[in-house]
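Reader: I would like to learn how to read the contact between two chains. Could you take me through it step by step?

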Amino acid sequence: MSTLTRTKICKNIRKVDLLKKAISELGLIFKEKGSRIIIPYKQTSLIFEKQTNYYVATFNNDFPELNQKLLEIEQKYDEIYKLYLDELKRKREALEREKILKNIIEQRKLEEEKAILEKEIRELEKIKKLEEKKLMQKIEETRNAIEERAKQSGFTVKRIERGNKQIIKLVRRL
Amino acid sequence: MNLIIRIGDIEPCSTVEGPGKRFTIWVQGCSIRCKGCWNKELWSFNGGIDFDVEELIKKILEYKNNIDGITLVGGEPLDQVEAILYLIKRVKEKNLSVMLYTGYTLEQINKDPLKWKAFKEADIVVYGPFIEEKKDLFLRWRGSSNQLIQVNNPRYEFINNTSDRINEVEIHMDENGEIKITGYPDKKFVEEVLKCLK
């Protein structure tokens, strides 16, 4: 009887954790030797060995049932991998939701701060207007008082408005 | 290099610093320092601010349509005679008149060719030191009776022919309530105005 060792590239199998999980879920025993996963079977074994981006399976072709096991492992791996991807997707979506939530909270916080600042500005503007009004009153009172004194000193009084400026022109003659 | 003039204050439109409406410039620094001077804060050559004469001319021209000319008062304008002479020439080119105040006597002015030139270039010059004992508030545009008026422009000949005894004061109030008194107020009146501010 000739012995033929058969090698198969398992392109889909990339993650060793998922491979081990698939083997375990199929009720098979395995051992690890370096980067190799070895499933003993009778006097031979099915071996998975890591290449750069995928695994390569090797087994003795004299045991066609090993080829069947390999197919089952690949199928199981695909199922687990799909679940793994779904889980990843869920996690990513949860993160996205968290991020959006954080943004919403941040946005609300900013809007609240903006509202507080706007309120403060409105109050300050109100105070400013009141102070301007008081100042205008004070200027008017001062102007009236100066004009009164000027008249008492014999001046003729003339008011001149020039832009924001008020001018009191005083003239007296001998 | 541009000429620089040191300035203590500016009033863009005054009616008490010469005939008509005048852009009045109080130059900073005075070497004469008359006893009883009203503007002692303008004596120091360190006070005020430096102005590029060209910038000052630009500022004057902003008011060109509202003024008859400029008045140079001090301080002592002829202590910065080079800048003053240039300013007079440039302002006259723009058809604005120049009234110049100086505390120098005619003899002193005569000895200095630049001062003399400024004296002749200005349209109106009020000259001579302020003498406290001769102080008279009713001499229009003069502070004491020894001061004389030289009219170089026939347009202002009426100044020589008037004998009006007139006392003028202007009180400028801005929107911040700041007050500036210009013209010829007596000390008592200034004190009374200051009381009104309290």
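Author: Happily! Let us start with a term: a polar contact is a pair of N or O atoms within 3.5 Å; within protein, one must be able to donate a hydrogen and the other to accept it, and residues adjacent in sequence count only if both atoms are side-chain atoms. Between chain B and chain A, ten residue pairs are in polar contact, both residues being at pLDDT 80 or more.

This is a predicted model, where local features need pLDDT of at least 70, side-chain atom pairs count only at pLDDT 80 or more, and totals for chains, interfaces and linings use all residues. Residues are numbered from 1 along each chain as its sequence is written, chains are lettered from A and ligands numbered from 1 in the order in which they are written, and side-chain values use heavy atoms, with hydrogens and water left out.

Reader: How many salt bridges cross the interface of chain B and chain A?

Author: A salt bridge is a side-chain nitrogen of Lys or Arg within 4 Å of a carboxyl oxygen of Asp or Glu. The rule finds four across this interface. One of them joins the side chains of Arg173(A) and Asp164(B), at 3.4 Å from N to O.

Reader: And how much area do chain B and chain A bury between them?

Author: Buried area is the accessible area (1.4 Å probe) that two parts lose on being put together, summed over both. Here the two chains bury about 2,400 Å², with 58% of it on carbon and sulfur atoms. Met173(B), Glu175(B) and Cys196(B) supply 26% of the area that chain B buries against chain A, more than any other three residues. Counting by contact (heavy atoms within 4.5 Å), chain B gives 30 residues and chain A gives 23 residues.

Reader: Which strands of the two chains pair, and in what order do they lie?

Author: Strands (E, at least two residues) and helices (H or I, at least four) are DSSP runs, numbered from the N terminus, and two strands pair if DSSP finds at least two bridges between them. An open sheet of four strands runs β6(A)-β7(A)-β8(B)-β9(B), with antiparallel pairing. Its edge strands are β6 (156-162) of chain A and β9 (179-183) of chain B, each pairing on one side only. Across the chain boundary, β7 (residues 165-173) of chain A pairs with β8(B) over eight bridges. Within that pairing, Ile168(A) stands opposite Ile171(B), and Lys169(A) has Glu170(B) as its bridge partner.
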